[in-house]
Amino acid sequence: QLQLVESGGGLVQPGGSLRLSCAASGFTLDNYAIGWFRQAPGMEREGVSCISASGPNTVYGDSVKGRFIISRDSANNTVYLQMNNLKPEDTGVYYCAASSRPTLYLYCINYGEKTEYDDWGRGTQVTVSS
């Protein structure tokens, strides 16, 4: 089983920024598509963004498009989620997940389907509040 560890969450005011990290040990993240998900209290876990292994290609949910940026740092074996202009509705626990499914590996197709991912981190809390 792959081990993923998220970090970088915290409390931020509306309009602020945070950068989340998804780090791996024992395997190379470049060989997997990586998805970011979030889960607000009482809500389903939803897909936020994905970066494919090939290309790479990136995909964003409509609610974060233009505000969030996903990227890879191969040297540090880490995937980042830069979150700008944060809103209270961005509050939740953020998870990263890894997939080797061909559709995700190449294009992040169906990136929001949780069953397409095999390995998950434990999450990091993001709270956007004044």
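Where is N110 found? In this predicted model, N110 sits in the loop between α1 (102-107) and β10 (119-120). The backbone there does something a bench eye may want to look at: N110 has a positive phi, about 60 degrees, although it is not a glycine. As for its surroundings, N110 is partly exposed, with 48% relative accessible area; that value falls between the 20% below which a residue is called buried and the 50% above which it is called exposed.

A second asparagine shows up with a positive phi. N85 comes in at about 50 degrees, again although it is not a glycine. N85 belongs to the loop between β8 (78-83) and β9 (92-99). Its relative accessibility is 42%, so N85 counts as partly exposed. One more backbone detail is worth a stop along the way. The peptide bond joining G55 and P56 is cis, with omega at about -5 degrees. P56 lies in the loop between β5 (46-51) and β6 (58-60).

Next come the cysteines. The structure holds two disulfides. The link between C22 and C96 has its sulfur atoms 2.1 Å apart. This pair reaches across distant parts of the chain: C22 is in strand β3 (residues 18-25) and C96 is in strand β9, with their positions 74 residues apart in the numbering. The torsion about the S-S bond is 75 degrees, and the link of C22 and C96 is right-handed. As for solvent, C22 and C96 are both buried.

The other disulfide joins C50 to C108, with an S to S distance of 2.0 Å. Here the torsion about the S-S bond is about -75 degrees, so the link of C50 and C108 is left-handed. C50 lies in strand β5, while C108 lies in the loop between α1 and β10, so this disulfide ties together parts that are 58 residues apart in sequence. That is the loop that also holds N110. Both C50 and C108 are buried. Counting the bonded cysteines along the chain, the disulfides follow the pattern 1-3, 2-4.

Turning to the strands, β3 takes part in an open sheet of four strands, in the order β1-β3-β8-β7, with antiparallel pairing. At the edges are β1 (3-7) and β7 (68-73), each of which pairs on one side only. On average, neighbouring strands of this sheet are turned by 15 degrees against each other, direction ignored. Inside the sheet, β3 and β8 run antiparallel and are joined by six bridges. Within this part of the fold, L20 stands opposite L81 in β8. Strand β3 also carries C22, one half of the disulfide to C96.

The aromatic side chains supply the last part of the picture. The count comes to four aromatic pairs. Among them, F27 and Y32 form an edge-to-face pair, 5.5 Å centre to centre and with 85 degrees between the planes. F27 has 12% relative accessibility, so it counts as buried.

Another of the pairs brings together F37 and W120. Their ring centres are 4.8 Å apart and their planes meet at 55 degrees, so the pair is tilted. F37 lies in strand β4 (residues 33-39) and W120 in strand β10, so the contact ties together parts that are 83 residues apart in sequence. Is each of these two rings buried or partly exposed? F37 is buried, with a relative accessible area of 0%, whereas W120, at 24% relative accessibility, counts as partly exposed. F37 and W120 do not stand alone, as Y117 joins them in one aromatic cluster.

R45 brings a charge to this part of the model. The charged end of R45 sits over the ring of W120, 5.0 Å from its centre. R45 also lies over the face of Y95, at 3.6 Å from that ring centre. W120 thereby features twice, in the cluster with F37 and Y117 and under the charged end of R45.

Technical notes: Residues numbered from 1 in each chain as written. Predicted model: local features only at pLDDT ≥ 70, side-chain atom pairs only at ≥ 80, totals over all residues. Heavy atoms only, no water. Helix = DSSP H or I, 4+ residues; strand = E, 2+ residues; numbered from the N terminus. Buried < 20%, exposed > 50% of the residue type's maximum accessible area, 1.4 Å probe, protein only. Disulfide = S-S within 2.5 Å. Pairing = 2+ DSSP bridges. Axes fitted to C-alpha atoms, helices over the stretch in contact; angles between N-to-C directions. Phe/Tyr/Trp six-rings, centres within 6.5 Å; stacked < 30°, edge-to-face > 60°. Lys NZ or Arg CZ within 6 Å of the ring centre and 35° of its normal.
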